[in-house]
Amino acid sequence: MTSTGRADRIRLEWYLARLSWALQDYPGRRRREVIRQLRSDTLAAAAEVGMAEALRDLGHPVALAEGYVTELGRRLPRYTSGAVAAALAVGALVYLSLAYAAGTIDTLEALGGGSVTTHPLGGEVTFTALDGELSVASSLSWQGGLLHAAVGAVAFVLVGRLWRLLG
Amino acid sequence: MTETRDPQLLRGVLPMLVLRLLAGQESYGWELVTRLRDAGLADISAGTVYPVLSRLEREGQVASRLVASTSGPARKYYTPTDAGRAALARAESAWADLVHVVAGVLDHHDGTAVPSHAPEGDR
């Protein structure tokens with residue numbers, strides 16, 4: 001019989017945290033059950049063979065997570081990856097808009113200053129480059145909002161593989 | 001027996017073995033792993049058994065109950081349900097049929113026979 005100390009508990013919790021991360025798209029209630037059951041059984045195993053051997057016996061957390069997903073019998077959507085992709089896609093769109101605004105302001109300054117107003121996607125954007133003032137004022141339009149939402153949604157669906165929900 | 005088994009061979013029969021052992025005596029996860037090892041599957045890992053146990057429970061083939069432990073958190077003990085026992089009976093029957101067929105093939109074919117679909121020139 002081996003005693004389980006604080007360091008062993010920390011190692012176990014670190015392993016379970018990595019497993020939980022690898023199982024992040026696994027159905028929530030079942031994931032919590034899996035983690036709870038593994039905590040209990042691994043502590044029982046560690047009492048006999050030591051925590052290092054008990055964790056080694058579980059294998060790499062990612063491989064173990066794949067084992068659970070395989071036994072689920074269906075492929076899971078990747079919600080987390082989809083959310084990250086959606087954020088990156090919308091972020092890229094915002095970055096392009098900011099880059100365009102910076103370029104426009106630079107151009108106005110190079111031309112000696114001034115102000116110009118454009119109407120992209122039904123909104124209104126005013127670029128101003130005057131002595132002591134550099135500004136971009138914009139109004140939101142539903143078309144612009146829709147474009148950003150659509151870009152985010154497409155990235156979420158494609159990268160998140162949401163069609164897996166259909167079967 | 002220390003020879004390493006093909007994991008694919010074991011994967012197909014593991015649910016049957018788990019149900020059979022649990023039918024004999026309810027066990028918690030780690031205990032089940034040790035029972036499988038004691039039965040001769042010395043190289044089986046806990047990481048292989050637990051996902052199978054989880055699936056059997058999700059499919060209603062095993063039921064579980066929590067039992068307090070003096071040395072840690074409560075342990076989840078598993079036992080086959082009626083559906084699990086029926087699945088076990090079917091699996092054992094299918095396994096017996098497969099063993100019969102495989103044994104027949106191994107006994108009556110030495111591996112040197114020319115395949116029946118081979119071209120004439122190859123025979």
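**Notes on a predicted two-chain model**

1. Let's start with the turn in chain B: strands E2(B) and E3(B) are joined by a hairpin that has 2 residues in it. Across that hairpin, the two strands pair in the antiparallel sense, with 7 bridges, and E3(B) covers residues 72-80. Two of the pairings can be checked by name: Val67(B) has Arg75(B) as its bridge partner, and Val62(B) has Pro80(B).

2. Before going further, a word on confidence, since this is a predicted model. The scores are ipTM 0.77 and pTM 0.70. For chain B, the average pLDDT is 86, and 85% of the residues score at least 70. As a friendly reminder, predicted coordinates should not be read in detail where pLDDT is low.

3. Back to the sheet of chain B. The hairpin belongs to an open sheet of 3 strands, in the order E1-E3-E2 with antiparallel pairing. Strand E1 (27-28) and strand E2 (62-69) of chain B are the edge strands, and each of them pairs on one side only. Helix H3 (residues 46-58) of chain B packs on this sheet, where it touches E2 and E3 of chain B, and its direction makes about 115° with that of E2(B).

4. The other pairing in that sheet is between E1(B) and E3(B), which run antiparallel and are joined by 2 bridges. Here Tyr28(B) stands opposite Tyr77(B) of E3(B).

5. How much of H2(B) is covered? Mostly covered is the verdict, as 8 of its 10 residues are buried. The buried set is Gly29(B), Trp30(B), Glu31(B), Leu32(B), Val33(B), Thr34(B), Arg35(B) and Leu36(B). The cover comes from both chains: it includes H2 and H3 of chain A, along with helix H1 (7-24), E1, H3 and E3 of chain B. After H2(B) comes Gly40(B), with a positive phi near 125°.

6. Helix H3 (residues 51-58) of chain A is worth viewing alongside H2(B). Which residues of H3(A) are buried? They are Met51(A), Ala54(A), Leu55(A), Asp57(A) and Leu58(A). Looking down the axis of H3(A), these buried residues fall within an arc of 155°, so they line one face of the helix. As background, an α-helix has 3.6 residues a turn, so residues three or four places apart point the same way.

7. What covers the buried residues of H3(A)? From chain A, the cover includes helix H1 (6-22), helix H2 (28-49) and helix H4 (61-72), and from chain B it includes helix H2 (29-38) and H3. Following H3(A) is Gly59(A), whose phi is positive and near 85°.

8. Chain A also has a sheet. In this open sheet, 3 strands are arranged in the order E1-E2-E3, and the pairing is antiparallel. At the edges stand E1 and strand E3 (133-139) of chain A; each has a single partner strand, so one side of each is left without a neighbour in the sheet. Neighbouring strands are turned by 5° against each other on average, with direction ignored.

9. For the individual pairings in chain A, strand E1 (residues 114-118) and strand E2 (residues 124-130) run antiparallel and are joined by 5 bridges. Ser115(A) has Thr128(A) in E2(A) as its bridge partner. The hairpin of E1(A) and E2(A) has 5 residues between the strands, and Leu121(A) takes a positive phi near 50° there.

10. On the other side of E2(A), the pairing with E3(A) is antiparallel and takes 7 bridges. In this pair, Val125(A) stands opposite Ser138(A) of E3(A). Helix H5 (residues 79-110) of chain A lies across E1, E2 and E3 of chain A, at about 40° to E2(A).

11. Finally, a point where a record can be set beside the model. An unreviewed UniProt entry places the feature "transmembrane region" at residues 82-102 and 145-163 of chain A. In the model, residues 82-102 of chain A are 100% helix and 0% strand, and the end C-alpha atoms lie 30 Å apart. For residues 145-163 of chain A, the span is 84% helix and 0% strand, with its end C-alpha atoms 25 Å apart. Please keep in mind that such annotations may be inferred rather than shown by experiment.

Technical notes. Residues are numbered from 1 along each chain as its sequence is written. Chains are lettered from A and ligands numbered from 1 in the order in which they are written. This is a predicted model: local features need pLDDT of at least 70, side-chain atom pairs count only at pLDDT 80 or more; totals for chains, interfaces and linings use all residues. Side-chain values use heavy atoms; hydrogens and water are left out. Two strands pair if DSSP finds at least two bridges between them. Helices (H or I, at least four residues) and strands (E, at least two) are DSSP runs, numbered from the N terminus. Contact means heavy atoms within 4.5 Å. Axes are lines fitted to C-alpha atoms, for helices over the stretch in contact, and angles run from 0 to 180 degrees between N-to-C directions. pLDDT is the predictor's confidence in each residue, from 0 to 100. Buried means under 20% relative accessible area, exposed over 50%, partly exposed in between (1.4 Å probe, protein chains only). The arc is that of the directions from the helix axis to the C-beta atoms.
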